[in-house]
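Work through the exercises below with the sequence and the 3D view side by side, and try each task before you read its solution.

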Amino acid sequence: MITPIASRYPEVYARWQRDPEGFWAEAAEAITWFEKPKTVFDPKAGVYGRWFPDGVMNTCYNAVDRHVEKGRADQIAFAYDSPVSNAKRNITYKELQREISAFGAILRDFGIEKGDRVVIYMPMIPEALVAMLACARIGAVHSVVFGGFAPKELATRLNDAKPKLLLTASCGIEVTRIVPYKPLLDAAIEMATEKPEAVILFQRPQAQAEMKKGWDWDWAALREAALSANKTSECVPVKATDPLYILYTSGTTGIPKGVVRDNGGHAVALKWSMENMYGIKEGEVWWTSSDIGWVVGHSYIVYAPLFHGCTSVVYEGKPVGTPDAGAFWRVASEHGAVALFTAPTAFRAIKKEDPEGKFIKDFDLSKFRTLFLAGERADPDTVKWSERILNVPVIDHWWQTETAWTIVGNPMGLGALPVKHGSPTVPMPGYDVQIVDDGGKPVAAGTMGNIVVKLPLPPGCFPTLWQQDGRFRESYLADFPGFYKTADAGYRDEDGYVYVLGRTDDIINVAGHRLSTGGMEEVLASHNDVAECAVIGVADQLKGEVPVGFVVLKLGVNKPDDTIEKELIALVREKIGPVAAFKTAMVIKRLPKTRSGKIVRGTMKKIADKEPWNMPATIDDPVTLDEIKTALQGKGMAT
Ligand code: COA
Ligand code: AMP
């Protein structure tokens, strides 16, 4: 047993268990409703029930307008800090309201109505956040696509979301290069079968995009015109269950899943999390270093900090290289952030460049209280290093695009529980987390199993996939009836601490980015010379995991292996995007398979990770695994 400490967690979790609806009804008091929900949860609505089905509210009102009305008009809402473009800009709540209201009017002029989709393919600039909130204001549904994805990925999302309008900027800025977005966008629109009716583009000075007349519209000119004509838009009342956004995430095939977020439950859960999970007081300065293309960016750069009346730091830069490994300390100290939320990979990158933490000595971090890590497993070495360098609690927490907020964490606002390195701690109220075997039977403490959550999921979590209830049921609910399958594996210890160790599907986590190896295999298989292939995630010191591809060529191909390997690397970059970080492909003679023809990816991964492994009993030809080892050694990867 670990020593009990003064945390309200056990009492609060038990209170939720006793009366889940009472618990969430109380949490719902913290947001502003246009019509208060009379029903907290309707188990008959939707696929597994819906939260606050008769509540009416507006997400933008809760994020912005109500703070302007209640005394935060002159407080900074977004502190934009962009070392890559050498720009800084503070936007107060009042200014933000004006910008959003005007941009909402522009969207209206383009015929965007409640429920219409708007795709946002933009870098981390304030305009992108204004666009998201303007959609929320007028009841439109945004779908943000990460800038590191290739045109084909954008096209797939356009086909699924069917947006009327596409919002973009002329470029993104990476450490060593400018990424012009317009050619990517044009290629995506060309490929897509569902084309938007127009494009609004924000020109950045680093790259000017060429505009097509009557189709591409200049953001700045529209904004100017709207402001000088005093155009505004109102916060449209929406049902709590109306969609706020769709965010696509990797599934087990090349077709991404459109995770739907509703308005009411999302606002209630995120507001609750700021105070109770993160221990943040209203009005404090909060910083999440991620990208609005990911769920972490949606929840904790844009929505949650604003629901809580905080100042949110919007950082367009990297942990290293912009300009150095002191960048995070500079930003935290300059803005007076009380907490930082990022992915462990960012801290591994800093540790690699500045193992002694010399840079930190130059900055005043006296306001800084907590570092939060999520997005991938927080390896104990990185957590310990961060604790030593920062001398504050380092809090791992586990969640997914599907949930929008913490499943398992250490609730700083309720009183921190003792940290156990390697565990994100305990389930949050709302989540009945269980570890079960493949037949759905609970396993004993300390035994690995599938991590599942008893239905219903709490407010904030996805009610379904965009217009695909069937796929939702099949992907998440079918395997363990009555439970949500997280597709993560792990165990629980005697104290109830949960350990999350890896995925049960083909998803890998590359620098905190969730990617499908199945999707990469589809790309490799599309190469003319490839007969069959396998992609596995191999442990990497910096990125956590990196994808490695193995291909078997068609008979009669006589191109040199390294030419084909280079073509495959270029093909994945072209079809999925640089974010896949696919840098290693190897041509092999045959793939190791079981007698029934299944590729033994798990064993291949163990060999590549230099972990102990056993010859699978059903292997067709044991020599094939030696061949994998030799191929990896050829690339300097396995010993
Ligand atoms: N637009 C275009 N390209 C992008 C991009 C974007 N928005 N974001 C990343 N890329 C590119 C990178 O330039 C890189 O290209 P390269 O192959 O030409 O070098 C590639 O995609 C892979 O990017 P990334 O995995 O981010 O690696 P990196 O080497 O550039 O940086 C880290 C490594 C660890 C510094 C970086 O991954 C990082 O800061 N990670 C934090 C993770 C994070 O925020 N996760 C979000 C979930 S919490
Ligand atoms: P995403 O949907 O992109 O946020 O990725 C979610 C996946 O990332 C989870 O299913 C896990 O596999 C992994 N993940 C996120 N946070 C953690 C964590 N704290 N510990 C272990 N794995 C994590």
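**Exercise 1.** Find the residue that stands opposite F372, and describe how the two strands are joined.

*Solution.* Begin with F372, which stands opposite I395 in β20. Next, turn to strand β19 (residues 370–373), which is joined to β20 by three bridges, the two strands running parallel; strands are DSSP runs of E with at least two residues, numbered from the N terminus, and two of them pair if DSSP finds at least two bridges between them.

This is a predicted model, in which local features need pLDDT of at least 70 and side-chain atom pairs count only at pLDDT 80 or more, while totals for chains, interfaces and linings use all residues. Residues are numbered from 1 along each chain as its sequence is written, chains are lettered from A and ligands numbered from 1 in the order in which they are written, and side-chain values use heavy atoms, with hydrogens and water left out.

**Exercise 2.** Place the strands in their sheet, and state which strands stand at the edges.

*Solution.* First, write the order of the open sheet of seven strands, β5-β4-β17-β16-β18-β19-β20, whose pairing is mixed. Then look at β5 (87–92) and β20 (394–396), which stand at the edges with a single partner strand each, so one side of each has no neighbour in the sheet.

**Exercise 3.** Is T311 buried or exposed?

*Solution.* Locate T311 in strand β17 (residues 311–315). Its relative accessible area is 8%, so T311 is buried (buried means under 20%, exposed over 50%, partly exposed in between, with a 1.4 Å probe and protein chains only).

Technical notes
Helix = DSSP H or I, 4+ residues; strand = E, 2+ residues; numbered from the N terminus.
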